[in-house]
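Here is a briefing on a two-chain model. Have the sequence and the 3D view open as you read.

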Amino acid sequence: MSADASDLSLVRRVQRGDKGAFDALVLKYQHKLVKLVMRYVRNPAEAEDIAQEAFIKAYRALPQFRGDSAFYTWLYRIAINTAKNAVVSRDRSPVEYDLDRNNNDESYDMQGRMKDSETPEGLVLTDEIRSTVNAAIDALPEDLRTAIVLRELEGLSYEEIAAAMDCPVGTVRSRIFRAREAIDRRLREVFEGGLGRAEELG
Amino acid sequence: MNEELDSQLSAMFDDELLPAECELLARRLSRDEYLKARWGRYAIIGAVIRAERGVRLNAPLAGRVNAVLLAEPALAAQTAPRDRNHPRLRWWQPLAGAAVAASVATVSILWLRTQAPLAGAPLVTQVTTPGHTTSATAAASAQSDSYTVPRSKPAAVVVPSTELANYVVAHSMFSNPVARRNLLSAFMTSESPPGGTQEPQSDVKAIAQ
């Protein structure tokens, strides 16, 4: 199994003019990229803007991507540079004093979350997605839960998980797939049903 | 939807699918909105498990990026030919480069040969005084009035005439021994072939060494 083969196959498609393949790359890495950028800027909306800019820069630079490094390593480097530049240019611009920030950091964080594009409904939906997924994970059989958590949380390969769980690699693949299927089934209902579905499902 | 396909999608998301299968599935993923939506939810599941706090899980980031990229030109024009042919081109590119270099060198050599005499060929130019024109210079003058200076001009040795040589011998006691020897040796080597007659009319011969 070659590492990064999946990303590389999508990258090659983008390089051949298939923009739809770039959608898949954005969907896969958007949360990780926003999380990474939030080390530089605290505001989630600003972090999303920077991540968006990083994705667009990456798209434009893809003709130069040779695949010498993993795609996500290359993408993260672009995102970090974009975030650093954004911080520098923001620091050069006039400072907006926020009196609440000094008095109550939690209050500032909440304001940051609410800034710009974020709406109360959006925050609720994020929380609902989170609670739905967590509830679905808790409901999984032990072997499925262990497999998906080792994969997503610890970042282990299938081979490493197979060694840890003392089972064949094919079984690991099947367990992770079934875990995802079970979680996705409930998550899909949240997206299709809108707000409040998690409570009904719970 | 096909369960095997979904299983492959899950493995591809984890980079655990064979490259050949990845190629096929990537093509389908880029076009199939159902698969793309599922793919996106797999990413959300991972974000929740990693407890990525502060990240909006329903952020329309992909849609925003997509909207911007709609106005962008496709990358195919820039990369497709290189990408398609890259592995096959690689082995003969050095050979092609060498062939081009050899062609340029050959053309240069042929061109130089038409422009200048061959190196090593005797260059003999006769410079005559007015009224004493040799047959060679007469022919050259008939062809062209212009005179082209050779690219690599050889060092010329001035050979004195017989009268001058006699003068030098007669006054050798007053001349520098080294200069005298050089002058005499030059005079000796400039002698005409055995039996030949040196044209007395020629005042000076320039001989390419």
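Helix H10 (residues 169-193) of chain A packs against H3(B) at an angle of about 105 degrees. Angles of 65 to 115 degrees count as roughly perpendicular, so H10(A) and H3(B) are roughly perpendicular to each other. Their axes lie 10 Å apart. The model is predicted.

**The H10(A)–H3(B) contact**

- H10(A) contributes Arg180(A), Ile183(A), Asp184(A), Leu187(A) and Arg188(A).
- H3(B) contributes Arg38(B), Arg41(B), Tyr42(B), Ile44(B) and Ile45(B).
- The residues of this contact split into 5 nonpolar and 5 charged, with no polar ones.

**The chain A–chain B interface**

- Across the interface, 54 residues of chain B are in contact with 62 residues of chain A.
- On the chain B side, five elements give two or more residues each: helix H1 (3-13), helix H2 (19-31), helix H3 (33-49), helix H4 (61-70) and helix H5 (76-115).
- H3(B) supplies the largest share of that side, 13 residues.
- By type, the chain B side holds 28 nonpolar, 10 polar and 16 charged residues.

**H8(A) against H10(A)**

- H10(A) also meets a helix of its own chain: the axes of H8(A) and H10(A) come within 8 Å and cross at roughly 95 degrees.
- That crossing makes H8(A) roughly perpendicular to H10(A).
- From H8(A), the contact uses Asp143(A), Leu144(A), Arg145(A), Ala147(A), Ile148(A) and Arg151(A).
- From H10(A), it uses Val172(A), Arg175(A), Ile176(A), Arg178(A), Ala179(A) and Arg180(A).
- These residues divide into 6 nonpolar and 6 charged, and none is polar.
- Arg180(A) appears in this contact, and Arg180(A) also takes part in the contact with H3(B).

**Arg151(A), a charged residue to look at**

- Arg151(A) sits in helix H8 (residues 142-152) of chain A.
- Is Arg151(A) buried or exposed? Arg151(A) has 25 other C-beta atoms within 10 Å. The cut-off for buried is 20 or more, so Arg151(A) is buried.
- Leaving out residues up to four places away in sequence, Arg151(A) touches Leu156(A), Ile161(A), Ile176(A) and Asp14(B).
- Arg151(A) and Val172(A) are 21 residues apart in sequence, and their C-alpha atoms are 9.7 Å apart.

**The largest nonpolar core**

- In soluble globular proteins, nonpolar side chains tend to be buried together.
- The largest nonpolar core here has 68 residues.
- Val26(A), Leu33(A), Val37(A) and Ala51(A) touch the most other members.
- Helix H2 (residues 19-37) of chain A gives the largest share of this core, 11 residues.
- Beyond its neighbours within four places in sequence, Ala51(A) contacts Gln30(A), Leu33(A), Val34(A), Val37(A) and Ala79(A).
- Ala51(A) also contacts Leu61(B), a residue of the other chain.

**Chain A overall**

- Chain A has 11 helices and 0 strands.
- Of its 202 residues, 37% count as buried.
- Among chain A contacts with a separation of 6 or more, 62% are between residues 24 or more positions apart.
- Helix H1 (residues 5-15) of chain A is mostly covered, with 11 of its 11 residues buried.
- The buried residues of H1(A) include charged ones, among them Asp7(A), Arg12(A) and Arg13(A).
- After H1(A) comes Gly17(A), with a positive phi near 105 degrees.

**Chain B overall**

- Chain B has 8 helices and 2 strands.
- From the N terminus, its elements run α-α-α-α-α-β-α-α-α-β.
- Buried residues make up 18% of its 209 residues.
- Of the chain B contacts between residues at least 6 apart in sequence, 54% join residues at least 24 apart.

**Confidence**

- The model scores ipTM 0.84 and pTM 0.62.
- Chain B has a mean pLDDT of 68, and 46% of its residues reach 70 or more.
- Residues 80-85 of chain B have pLDDT below 50, and this stretch makes 5 contacts beyond near neighbours in sequence.
- Residues 123-145 of chain B also stay under 50 in pLDDT. For that stretch the model has 19 contacts beyond four places in sequence.

Technical notes. Residues numbered from 1 in each chain as written. Chains lettered and ligands numbered in written order. Predicted model: local features only at pLDDT ≥ 70, side-chain atom pairs only at ≥ 80, totals over all residues. Contact = placed C-beta atoms within 7 Å. Helix = DSSP H or I, 4+ residues; strand = E, 2+ residues; numbered from the N terminus. Axes fitted to C-alpha atoms, helices over the stretch in contact; angles between N-to-C directions. Parallel < 35°, antiparallel > 145°, perpendicular 65-115°, else oblique. Core = buried A, V, L, I, M, F, W, Y, C linked by C-beta atoms within 7 Å. Buried ≥ 20, exposed ≤ 12 C-beta atoms within 10 Å, placed from the backbone. pLDDT = per-residue confidence, 0-100.
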